[in-house]
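Biologist: Could you put the model up so that we can go through it together? I have a few loose questions, in no special order.
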Amino acid sequence: MDFSKIIVGVMRWGIWGANHSESGVQKLIETSLEEDLYTFDHADIYGGYTTEELFGNAFSEMKIDREKIQLITKCGICMPCEKKNFPLKYYNYSKEYILNQVDESLKNLKTDYIDLLLLHRPSPLMNPEEIAAAFGILRSSGKVRDFGVSNFSVTQFDLISKYFPQLVTNQVEISLTETKAFYDGTIDQMMMKKLQPMAWSVMGSYFAEDSERTARIKSVLGDLSKKYNADEAQLLVAFLLKHPAKILPIIGTSKAESIKSLRKSLDINLTIEDWFSLLEASLGHKVP
């Protein structure tokens with residue numbers, strides 16, 4: 001499956017963020033498609049199990065062919081909230097639960113199929129044979145076209161892959177301030193399997209914290225902004241795009257102007273030296 005080179009995350013579109021109306025969501029969808037960003041990242045829990053429905057209602061009123069977009073969603077987290085009376089937060093990857101959640105996502109998104117289903121977070125109680133059975137049913141029924149995982153370690157990915165070898169991605173946290181995936185085998189595994197990793201929280205903690213590390217990064221970004229005629233957010237996305245794994249960044253913005261701006265990251269090709277200058281600023285020391 002060819003995903004858009006930047007994926008549009010919808011987590012903050014609903015009540016967990018901007019609380020957009022349906023018309024506001026339609027504007028974001030239109031802007032994304034104008035920028036050739038056609039892959040949208042959901043999870044059943046977003047907005048306390050409300051954001052899928054918000055998106056589905058908005059999209060269903062637009063005169064856009066369903067095949068023009070791709071919908072990613074995730075399941076497995078059981079989160080107590082107004083919509084769900086779970087006794088506590090836990091994970092459920094039983095076959096019955098996966099099948100039921102997909103049906104619920106299909107209903108909320110007002111679609112006949114999901115392009116990519118991800119297991120949201122690994123559970124100590126995962127039964128890979130049961131998961132594979134659920135995936136097989138979903139694929140044969142046409143309800144889900146592709147499958148993957150999210151936040152899984154290398155061995156956890158291998159566990160599921162042994163019973164369902166057709167996994168297409170691992171969506172993990174990767175950013176200039178969270179580089180663990182570069183070193184723990186996660187990115188290496190995706191490259192060996194010729195799969196593209198997806199990255200969430202691509203801005204990392206840069207805009208969220210005031211620290212010595214942020215100051216170091218800001219100094220380097222200042223120089224690079226002039227060199228590449230780009231802003232800080234664009235450069236942070238470009239840092240991920242430079243990697244040979246062809247990382248697919250998920251931008252979590254709820255503003256149309258930010259979608260347009262971050263799309264320009266695709267036009268920035270950092271030099272190797274500039275890439276390492278950013279990494280060094282994040283690490284706080286030269287590479288070994």
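Biologist: What covers the buried residues of α3?

Modeller: This is a predicted model, and in it the cover over the buried residues of α3 includes α1 (22–34), β2 (39–41), α2 (46–49), β3 (70–75) and α4 (95–109).

Biologist: How many residues of α3 are buried, and which ones?

Modeller: Helix α3 spans residues 51–60, and 8 of its 10 residues are buried, so that the helix counts as mostly covered. The buried set consists of Thr51, Glu52, Leu54, Phe55, Gly56, Asn57, Ala58 and Phe59.

Biologist: You listed β3 in that cover; is β3 itself buried or exposed?

Modeller: Strand β3 is mostly covered, with 6 of its 6 residues buried. The cover extends to both faces, with Gln70, Ile72 and Lys74 buried on one side, and Leu71, Thr73 and Cys75 buried on the other.

Biologist: Which strands does β3 pair with, and in which sense, parallel or antiparallel?

Modeller: One pairing is with β2, in the parallel sense and over 3 bridges, and another is with strand β6 (residues 114–119), which is also parallel and runs over 4 bridges. Ile72 takes part in both pairings, as the bridge partner of Asp41 and, towards β6, as the partner of Leu116.

Biologist: And where do those strands sit in the wider sheet, in what order?

Modeller: They belong to a set of 8 strands that close into a barrel, with the order β1-β2-β3-β6-β7-β8-β9-β10 and parallel pairing. On average, neighbouring strands of this sheet are turned by 30° against each other, with direction ignored. Further round the barrel order, strand β8 (residues 167–173) is joined to strand β9 (residues 198–200) by 3 bridges, again in parallel, and there Gln171 has Met198 as its bridge partner in β9.

Biologist: Switching to cysteines, how many disulfides are there?

Modeller: The structure holds 0 disulfides.

Biologist: Why is there no bond at Cys78 or Cys81?

Modeller: For Cys78 the closest cysteine sulfur belongs to Cys75 and lies 9.2 Å away, which is too far for a bond, given that a disulfide requires the two sulfur atoms to be within 2.5 Å. The sulfur of Cys81 has its closest cysteine sulfur in Cys78, at 10 Å, and this is likewise too far for a bond.

Biologist: Are those two buried or exposed?

Modeller: Cys78 counts as buried because its relative accessibility is 0%, whereas Cys81 is partly exposed, having a relative accessible area of 24%.

Biologist: Cys75 has come up in β3 already; what about Gln101, which residues does it touch?

Modeller: Gln101 is found in helix α4, and, if residues up to four places away in sequence are not counted, it touches Asp44, Tyr49, Cys75 and Lys84. Its relative accessibility is 5%, so Gln101 counts as buried.

Biologist: Now the start of the chain: where is Ser4, and is it buried or exposed?

Modeller: Ser4 lies in the segment before β1 (7–9), and it counts as buried because its relative accessibility is 1%.

Biologist: What does the side chain of Ser4 reach?

Modeller: A polar atom of the Ser4 side chain lies 2.7 Å from the backbone oxygen of Ile6, and the side chain also reaches the backbone nitrogen of Tyr38 at 3.5 Å. Leaving aside neighbours within four places in sequence, Ser4 is in contact with Asp36, Leu37, Tyr38, Thr39, Gln70 and Leu248.

Biologist: And Arg12, where is that one, and what is it in contact with?

Modeller: Arg12 is found in the loop between β1 and α1, where it is partly exposed, with a relative accessible area of 43%. With neighbours within four places in sequence left aside, Arg12 is in contact with Gly17, Ala18, Asn19, Gly252 and Ser254, and its side chain reaches the backbone oxygen of Gly252 at 3.3 Å. The C-alpha atoms of Arg12 and Gly47 are separated by 7.8 Å, with the two residues 35 apart along the chain.

Biologist: Last one: what feature does UniProt place at residues 5–276?

Modeller: The UniProt record, an unreviewed entry, places the feature "domain: NADP-dependent oxidoreductase" there. In the model that span is 42% helix and 16% strand, and its end C-alpha atoms lie 22 Å apart.

Notes:
Residues numbered from 1 in each chain as written. Predicted model: local features only at pLDDT ≥ 70, side-chain atom pairs only at ≥ 80, totals over all residues. Heavy atoms only, no water. UniProt positions renumbered as here; feature names shortened; annotations may be inferred. Helix = DSSP H or I, 4+ residues; strand = E, 2+ residues; numbered from the N terminus. Buried < 20%, exposed > 50% of the residue type's maximum accessible area, 1.4 Å probe, protein only. Contact = heavy atoms within 4.5 Å. Pairing = 2+ DSSP bridges. Polar contact = N/O pair within 3.5 Å; in protein donor to acceptor, adjacent residues only side chain to side chain. Axes fitted to C-alpha atoms, helices over the stretch in contact; angles between N-to-C directions.
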